[in-house]
Amino acid sequence: MAKTPSRRGPKRAQPPQPQIKLFRAISWYSHGVTSVGDYVSHLLMELGRLGLAIHDIESHSRPPHTERVLSDLIEWLGGHPGNAYSRLVDWRRLDLETLRSRHENDRLAKPRIEVSAHITKMKNLSVRWHPAGWHNTEIDWNSPYHTYGNLIAHRRWRQPPDFRWFSGDEDPTFDSRPSNELMYLRGVGSLRPEPRESYGSYSKFNSDVVDSILICAVRAAYEGLIEQLERNFDVTAIDEFDFTVEEKIDQSDTSRYLSSIRRVVSWSLDDAVELRERRARSVEEEREKRDRAEFAAVEVTFGFSLNELIAALLRAYSKKSSGSSPSMESVNRNAAKELRNAGSSISAGGVRRVRELIERYEPALMPVSLREHVEVIQPTPPDNVVPLRTRDD
């Protein structure tokens, strides 16, 4: 039986998928890269190398849901400082009497301001300034009506601000922004620098690397703005950027030895005080972890047990060239010498370090005579002793 030809035409060849274009990553705060201009320049050079334009890596559709971080950064760099900055440096808004009284105690005193940053519900970054103490104030509902335009008179201050007049925080419109807004970048909240294993069949570029570079540029712009303001003002940063960084091999490095880069893989915008406290706790926890590991490895590292060290210290302490007790440094040197003669390799500084660890983690092992940090307990007077009264009582 003859085979009936198919009614379907020949299968059309699928057009080849466009090859994804790869941006080269850049390290966070290394190799001299510290300013917003460095990150923007890197992106522009990569766009030229890959034959792309700025609009190819941005979303300009469906306003105001746009992601135009690079365009807004370039526009901000060209237009900064602006109207908000001119209001900030207008000396007529300062309370000169308050500043004069502060100068009596501190000749280097500057007008105090706060700089805050937040991500809006539209995923945009807004950076604003206020007189110092603004975030600790409360609305004064009894303020007089004739001071309606002056927000300072509308709030209760814990201490007098350095400004007698302040206006700002207006509701934004389609063609205006708040008068105290120093920076406005669209789409920052949509940046996702988390590394991705695949980008999908319709991706044109490695967006995670681009977002990593962009968030570095945004943070550098924010911190650079604060550094500029600190030349004339005493600035308190209310919010700070926090980065999670991973060391990665730079595959684009053409040198013989591949170098690593500090790639930003996640970020957040947090309260500055809470962030510093969290960082301090993290540093302390890491230090505690290292110290405990060091204490546990004393015998492996130096070749003696803790009891052998304490015995050597006691023998060194008992050797008296005169009537007075030897200093702790002399005890450390003599104990280290004895331990070296027994085959260990330790210096007086090493002995001092191990003693510190013993007193911290196993204080019961250390005799009282060898402790460098002995708590002095004041004796409690008997109940029948009445303290003498002085003339001032």
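Visitor: What makes strand 1 and strand 6 count as paired?

Guide: This is a predicted model, so read everything here as computed from it. In it, 4 bridges join strand 1, residues 112-119, to strand 6. The cut-off for pairing is at least two bridges found by DSSP, so these two strands qualify. They run parallel.

Visitor: Which residue is the bridge partner of V115 in strand 6?

Guide: A237. E114, in turn, stands opposite T236 of strand 6.

Visitor: How do you know which face of strand 6 is covered?

Guide: Look at its residues by face: V235 and A237 make up the covered one, while D234 and T236 make up the uncovered one. Put that beside the pairing, and A237, the bridge partner of V115, belongs to the covered face. T236, opposite E114, belongs to the uncovered face.

Visitor: What is the strand order in the sheet, and why is it called mixed or open?

Guide: The order is 5-2-1-6, an open sheet of 4 strands with mixed pairing. Strand 5 (181-185) and strand 6 (234-237) stand at the edges with a single partner strand each, so one side of each has no neighbour in the sheet. From one strand to the next, the twist averages 20°.

Visitor: Why is S116 called buried?

Guide: S116 is in strand 1. Its relative accessibility is 10%, and buried means under 20%, so S116 counts as buried. Leaving aside neighbours within four places in sequence, its contacts are S126, V127, R128, H130, H135, Y222, I238 and D239.

Visitor: How far apart are S116 and E181 in sequence and in space?

Guide: They are 65 residues apart in sequence, and 9.7 Å apart in space from C-alpha to C-alpha.

Visitor: How do you know that the buried residues of helix 4 line one face?

Guide: Helix 4 covers residues 96-105, and T98, L99 and R102 are buried there. Seen down the helix axis, the buried residues fall within an arc of 95°, so they line one face. The general rule goes like this: an α-helix has 3.6 residues a turn, so residues three or four places apart point the same way. What covers the buried residues of helix 4 includes strand 1.

Visitor: What about S167: why does it count as buried?

Guide: S167 sits in the loop between strand 4 (155-156) and strand 5. Its relative accessibility is 15%, and the cut-off for buried is under 20%, so S167 falls on the buried side.

Visitor: What makes the link from the side chain of S167 to the side chain of R87 a polar contact?

Guide: The distance is 3.2 Å. The limit for such a pair of N or O atoms is 3.5 Å, so the pair fits. R87 is also among the residues in contact with S167, alongside R93, G149, L151, S179 and N180, if neighbours within four places in sequence are left aside.

Visitor: Why is D270 called buried?

Guide: D270 is in strand 8, residues 260-271. Its relative accessible area is 18%, and buried means under 20%, so D270 is buried. Not counting residues up to four places away in sequence, D270 touches I238, D239, E240, D242, L275 and R278.

Visitor: Why are K123 and D169 called partly exposed?

Guide: K123 has a relative accessible area of 40%, and D169 has 28%. Partly exposed is what lies between the buried limit of 20% and the exposed limit of 50%, so both values fit. K123 lies in the loop between strand 1 and strand 2 (125-131), and D169 in the loop between strand 4 and strand 5.

Visitor: What makes the backbone of K123 and D169 worth a remark?

Guide: Neither is a glycine, yet K123 has a positive phi of about 70° and D169 a positive phi of about 60°. Most residues other than glycine have a negative phi, and most peptide bonds are trans.

Visitor: How do you know that the peptide bond between H80 and P81 is cis?

Guide: Its omega is about 0°. P81 is in the loop between helix 2 (69-79) and helix 3 (83-88).

Visitor: And the chain overall: how many helices and strands?

Guide: There are 10 helices and 8 strands. Of the 393 residues, 37% are buried. The chain exposes about 25,500 Å², with carbon and sulfur atoms supplying 51% of it.

Terms used
Residues are numbered from 1 along each chain as its sequence is written. This is a predicted model: local features need pLDDT of at least 70, side-chain atom pairs count only at pLDDT 80 or more; totals for chains, interfaces and linings use all residues. Side-chain values use heavy atoms; hydrogens and water are left out. Axes are lines fitted to C-alpha atoms, for helices over the stretch in contact, and angles run from 0 to 180 degrees between N-to-C directions. Buried means under 20% relative accessible area, exposed over 50%, partly exposed in between (1.4 Å probe, protein chains only). The arc is that of the directions from the helix axis to the C-beta atoms. Contact means heavy atoms within 4.5 Å. Accessible areas come from the Shrake-Rupley method with a 1.4 Å probe; for residues, only the protein chains shown count as cover. A polar contact is a pair of N or O atoms within 3.5 Å; within protein, one must be able to donate a hydrogen and the other to accept it, and residues adjacent in sequence count only if both atoms are side-chain atoms.
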